[in-house]
Amino acid sequence: MFDRLSSLVIALTLVAIAAIFAALSGGDPLSIAIMLLAGFIAAATVYSALPTTLPDAQGTASPPVEAPPVSLLRHPDFAHWVDQEKEPLLGTADNIVTIANDAAIRLLGRHIVGADVRTAIRHPAATDWLSHIDGNAPLDTISLVDFPRPGQRWTMRTATLSGSERIIFLSDRSAIDAADRMRSDFVANASHELRTPLAAILGYVETLEEMNGEADAPTRNRFLSIIDREARRMQQLVIDLLSISRVEADRFRRPTTPVDLASIVQTTIMQLRDSEQARAKDIVARLGDDPAPMLGDEAQLKQLAHNIVSNAMKYGHADTPVTVELAREGRRIRLSVSDEGDGIAPDHLPRLTERFYRVDEARSRSVGGTGLGLAIVKHISERHQGQLDIESELGKGTRVSVTFPLSGES
């Protein structure tokens with residue numbers, strides 16, 4: 001194909017050649033003039049008939065008409081990204097679910113694809129929001145309480161795309177709420193545990209201030225003994241609170257110091273036997289002669305052993321053995337402490353490691369328990385990759401054991 005200028009030059013050249021041939025052939029002037037005029041008219045016609053712009057010699061076409069933008073929800077890269085998201089995600093068009101990732105299908109069911117999103121997310125707050133949302137709505141976060149089951153809470157966010165398309169994000173906040181409740185319960189329980197002995201101390205101090213004369217000496221001594229006991233209980237509670245705080249702060253740092261668990265347990269038993277506790281003589285040690293090398297925090301392991309043995313001494317019957325054993329089990333070492341007491345009902349066993357949980361609150365306080373001993377044991381064992389087991393039979397006693405990996409083993 002030629003452009004306009006090229007076509008015109010070719011047409012004029014042909015006319016000139018025709019005129020030359022006409023002259024050479026002996027034509028008269030009138031015939032030559034008529035031929036030239038016809039040639040000019042033909043050239044003008046050819047020139048005006050050609051398009052303004054023609055494709056070039058390589059056949060390049062005219063620029064195509066711009067296609068409408070591809071929907072984000074139908075883009076293959078978007079579908080690939082959706083499948084990688086761990087939290088539920090939905091894509092909707094005109095409130096119809098067009099795409100859902102695996103997490104959303106596990107949460108809501110496979111039937112949601114193609115269904116109305118207001119029936120797919122069956123929650124009053126979600127239905128109301130999705131029914132009134134428009135294209136200019138802000139990216140608000142909607143709380144879905146008791147969704148999908150009672151006691152759970154999820155949040156929903158929507159992102160508006162072009163047209164009527166939206167992306168809906170669902171996030172599980174149940175664990176966060178549970179942690180907040182646990183924190184609130186911890187503060188409330190700690191406050192209660194501190195307030196009780198403090199009230200007793202203040203009450204007896206006020207009574208002592210009003211007493212006069214030596215005749216009240218026996219009563220005064222009894223009151224002072226109660227004050228001393230309650231003050232020591234408060235002191236132990238503060239120590240345990242600090243201990244559990246330190247253990248939780250270190251729970252993600254694995255110990256790297258080589259220690260001998262057998263030596264640690266032996267030292268703890270000697271300290272308890274030398275103490276003024278009434279049942280110190282009831283401790284029976286079966287530790288063997290072999291060392292138990294492991295990687296650990298010596299101070300925390302001493303506390304773990306002390307708490308387990310002390311619990312057995314508190315809740316076992318007087319003049320019955322408190323048996324402390326160390327036994328190898330393949331690549332692990334098991335520390336177990338058994339008592340012969342009243343035992344614990346099966347429904348209480350799963351909750352024994354909760355903070356401030358007590359099977360018998362009155363008895364626990366009478367023997368000086370703070371309700372934090374086994375919670376501390378649990379956190380220390382978890383930091384050392386240990387496994388805590390509690391076995392108990394009513395009327396026969398309780399056995400608490402922790403199994404640790406030996407040094408160099410995982």
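**Close-up views of a predicted model**

**Figure 1. Lining of the second largest pocket in the predicted model.** The lining of the second largest pocket is made up of seven nonpolar, three polar and nine charged residues. The volume of this pocket is about 570 Å³. It is lined by 19 residues, and those closest to its centre are Met 182, Glu 248, Thr 353, Glu 354 and Arg 355. Two helices, helix 7 (174–210) and helix 12 (373–383), each supply at least two residues of the lining. With eight residues, helix 7 gives the most.

**Figure 2. The protein as a whole, as context for the close-up views.** The protein has 12 helices and 12 strands. Among its 410 residues, 37% count as buried. When contacts with a separation of 6 or more are considered, 59% of them are between residues 24 or more positions apart.

**Figure 3. The largest nonpolar core and a second, separate core.** The largest nonpolar core holds 45 residues, of which Leu 261, Leu 304, Val 309, Val 324 and Phe 404 touch the most other members. Both helices and strands contribute: two or more residues of this core come from each of helix 7, helix 8 (217–249), helix 9 (261–273), helix 10 (298–315), strand 9 (322–329), strand 10 (332–339), helix 12 and strand 12 (397–405). Helix 10 gives the most, with seven residues. A second core, separate from this one, has 21 residues, including Leu 90, Phe 147, Trp 154 and Met 156.

**Figure 4. Surroundings of Phe 404.** Phe 404 is among the members of the largest nonpolar core that touch the most other members. When neighbours within four places in sequence are left aside, the residues in contact with Phe 404 are Leu 261, Met 294, Leu 301, Leu 304, Arg 332, Ile 333, Ser 381, His 384 and Gly 386. Two of these contacts, Leu 261 and Leu 304, also belong to the group that touches the most other members of the core. Ile 333, another of the contacts, has Phe 404 of strand 12 as its bridge partner.

**Figure 5. Pairing of strand 9 with strand 10.** Strand 9 and strand 10 are antiparallel and pair over seven bridges. Within this pairing, Thr 323 has Ser 338 of strand 10 as its bridge partner. The two strands form a hairpin with two residues between them, in which Gly 330 takes a positive phi near 70°. Strand 10 is largely enclosed by the rest of the structure, because seven of its eight residues are buried.

**Figure 6. Strand 12 and its two antiparallel partners.** Strand 12 runs antiparallel to strand 10, to which it is joined by eight bridges. One bridge on this side places Asp 339 with Thr 398 of strand 12. Strand 11 (residues 387–393) also pairs with strand 12 in the antiparallel sense, over seven bridges. On that side, Ser 392 stands opposite Thr 398. Thr 398 therefore has a bridge partner in Asp 339 and also faces Ser 392. The hairpin of strand 11 and strand 12 has three residues between the strands, and Gly 395 in this hairpin takes a positive phi near 85°. Eight of the nine residues of strand 12 are buried, so this strand is largely enclosed by the rest of the structure.**Figure 7. Selected positions in helix 7 and helix 8.** Glu 230 lies in helix 8. Its relative accessibility is 10%, below the 20% limit, so Glu 230 counts as buried. Apart from residues up to four places away in sequence, Glu 230 touches Pro 197, Ala 200 and Ile 201. Gln 235 is also placed in helix 8, and at 48% relative accessibility this residue counts as partly exposed. The C-alpha atoms of Gln 235 and Leu 194 are separated by 9.5 Å, while the two residues are 41 residues apart along the chain. Leu 202 belongs to helix 7 and is partly exposed, with a relative accessible area of 49%. Between the C-alpha atoms of Leu 202 and Ile 227, which are 25 residues apart along the chain, the separation is 8.6 Å.

Key:
Residues numbered from 1 in each chain as written. Predicted model: local features only at pLDDT ≥ 70, side-chain atom pairs only at ≥ 80, totals over all residues. Heavy atoms only, no water. 1 Å grid on protein atoms, 1.4 Å probe; cavity = no way out; pocket = protein on both sides within 12 Å on 5 of 7 lines; lining within 4 Å. Points joined across faces, edges and corners; volume = space filled by probe spheres on them. Helix = DSSP H or I, 4+ residues; strand = E, 2+ residues; numbered from the N terminus. Nonpolar A, V, L, I, M, F, W, Y, C, P; charged D, E, K, R; others polar. Core = buried A, V, L, I, M, F, W, Y, C linked by side-chain atoms within 4.5 Å. Buried < 20%, exposed > 50% of the residue type's maximum accessible area, 1.4 Å probe, protein only. Contact = heavy atoms within 4.5 Å. Pairing = 2+ DSSP bridges.
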